Structure formats: structure tokens, C-alpha cells
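Here is a quick briefing on one protein. Have a look at the sequence and the 3D view, then read on.

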Amino acid sequence: MIKFVGGFDSVDALPNTRFPEYAFVGRSNVGKSSLINAVLGQNVARTSNTPGRTQTLNLFNVNDKIMIVDLPGYGYARVSRDVAARWLMRLEQYLLSRSQLRRLFVLIDSRIGVRPSDLELMGFCDANGIPYQVVYTKRDKRVREENQQSVSHEMHPAMAAEILETSAEKKIGIEPIRAIIGIK
């Protein structure tokens, strides 16, 4: 059973649970909420065509065993610089303070590739020993291979060696994420 715990404006407001957390983050409009819904097998995370809709830390309790965290996107969203800076500070605070965090899934739109903001987040995680996994989304769409920078575990010590490729729409690559999280 999946239960929406709540949307929280600050890290301090998050409930202190005993459950391991698996968080999803990426640039705005990367397909984060759609991927969460595909992984959970239910439409629990709100999706939108408008970048920047997820503005709170959204927690989902899965079978009273794990928590899924839908983090606000970064990068593209049309919000003021002050709001974007607050979101980034909140993200960093979340990553540094949640001992329950088992893995951060860093989502990258496969049509666009890795951007400087993705590399900044990955560098932050590397510097702070925060385990993360790169997940390419929208793999069923046309990919622009030219000018795409690649990333690898060798360059990023906190990154899981396997890079996952997914499509929420076509249900491609969902099972490996479910296996990592421990969802049957």
C-alpha cells in the first residue's frame, strides 16, 4: 500500500521515520514524477507539462517499509533566482541531513544529456559521500547524441557504477529501479 505522507516546505518539517529513503531529483521537466509513478505502479506523484511544479519535498510511504521522496527539480524551472536558490539550499540540507537516505536517483533527460547543473549536483554528492545513481529518462524519445557529455563511475566516486535507462511511458528500465529500492 502506498500512502502520501505529505509535501514539506522545509527539511526540518520532515517526519523522522525509521524507513530507508530513496529520493528522485533532476532538472525541471525531466519526467521525475512520471518515473516515480511508473516505479510505484500507481499515479501518486503529480505530473505536469509545466516545469517546476514540484515545489515541496513530497514523501510517499511504501508498505510501511520504505519512503520515496520526490524532490523539487532544478535548472530550468521558471522561478525567481531567490526561489531557485532556496530550493537548492533545501536540497543540499536534505542530502546532508537525512541519515535514512539510501540512494539518490539523479534523473537526466536522455534527449538533452548531462548539463552543468547535473554535474554540480553530482560533484556535491561526490564531495559529501552521498550515494547516487544516474538514470536517463525518456529513452523512448529521439536522442540527440551529438554534444552530449558522458559520465562514469570512474569520474564520480559516489556514483553507482551502473547507469540506468528508462522510459516511464513505455515502462522500460523500471524493474532495475524497483529491485534497488526493494519493491516487488
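Is Lys 138 buried or exposed? Lys 138 counts as buried because its relative accessible area is 18%, and buried means under 20%, exposed over 50%, and partly exposed in between, using a 1.4 Å probe and protein chains only. Before going further, a word on ground rules: this is a predicted model, where local features need pLDDT of at least 70 and side-chain atom pairs count only at pLDDT 80 or more, while totals for chains, interfaces and linings use all residues. Residues are numbered from 1 along each chain as its sequence is written, and side-chain values use heavy atoms, with hydrogens and water left out.

**The overall picture**

- The protein has four helices and seven strands; these are DSSP runs numbered from the N terminus, with helices being H or I over at least four residues and strands being E over at least two.
- Going along the sequence, you meet them in the pattern β-β-α-β-β-α-β-α-β-β-α.
- There are 184 residues, and buried ones make up 49% of them.
- Take the contacts (heavy atoms within 4.5 Å) with a separation of 6 or more: 75% of them come from residues 24 or more positions apart.
- About 9700 Å² of the protein is exposed, and carbon and sulfur atoms supply 46% of that; the areas come from the Shrake-Rupley method with a 1.4 Å probe, and for residues only the protein chains shown count as cover.

**The sheet**

- Seven strands make an open sheet with mixed pairing, in the order β1-β3-β4-β2-β5-β6-β7.
- At the edges sit β1 (2–8) and β7 (164–165), each pairing on one side only; two strands pair if DSSP finds at least two bridges between them.
- Strand β2 (residues 21–26) runs parallel to strand β5 (residues 101–109), and six bridges join the two.
- Phe 24 has Phe 105 in β5 as its bridge partner.

**Aromatic pairs**

- Rings of Phe, Tyr and Trp (its six-membered ring) pair if their centres lie within 6.5 Å; planes under 30 degrees apart are stacked, over 60 edge-to-face, and the rest tilted.
- That rule gives two aromatic pairs.
- Phe 4 and Phe 60 form a tilted pair, 5.3 Å centre to centre with 50° between the planes.
- This pair links distant parts of the chain, with Phe 4 in strand β1 and Phe 60 in strand β3, 56 residues apart.
- Phe 4 is partly exposed because its relative accessible area is 47%, whereas Phe 60 is buried because its value is 2%.
- Phe 24 and Phe 105 form a stacked pair, 4.8 Å centre to centre with 25° between the planes.
- Phe 24 lies in strand β2 and Phe 105 in strand β5, so their pair ties together parts 81 residues apart in sequence.
- Both Phe 24 and Phe 105 are buried.

**Nonpolar cores**

- In soluble globular proteins, nonpolar side chains tend to be buried together.
- A nonpolar core here is a set of buried Ala, Val, Leu, Ile, Met, Phe, Trp, Tyr and Cys residues joined through side-chain atoms within 4.5 Å.
- The largest one has 31 residues, and those with the most contacts inside it are Leu 71, Tyr 94, Leu 95, Leu 104 and Tyr 132.
- At least two residues of this core come from each of β2, β3 (57–62), β4 (66–70), α2 (81–97), β5, α3 and β6 (132–137).
- Apart from that core lies another, of 23 residues, including Leu 40, Phe 60, Ile 68 and Leu 107.

**Two helices**

- Helix α3 (residues 116–128) has 13 residues and spans 18 Å from its first C-alpha to its last, close to the 18 Å expected at 1.5 Å a residue; the expected span is 1.5 Å times one less than the number of residues.
- Among the buried residues of α3 are Leu 121, Met 122, Phe 124 and Cys 125.
- Right after α3 comes Gly 129, with a positive phi near 65°.
- Ile 181 lies in helix α4 (residues 174–181) and counts as buried because its relative accessibility is 4%.
- Leaving out residues up to four places away in sequence, Ile 181 touches Tyr 22, Phe 24, Val 39, Ile 66, Ile 68 and Phe 105.

**Two lysines in loops**

- Lys 138 is in the loop between β6 and β7, and has a positive phi of about 55° although it is not a glycine.
- Lys 171 is in the loop between β7 and α4, and its phi is also positive, near 60°.
- Lys 171 counts as exposed because its relative accessibility is 55%.
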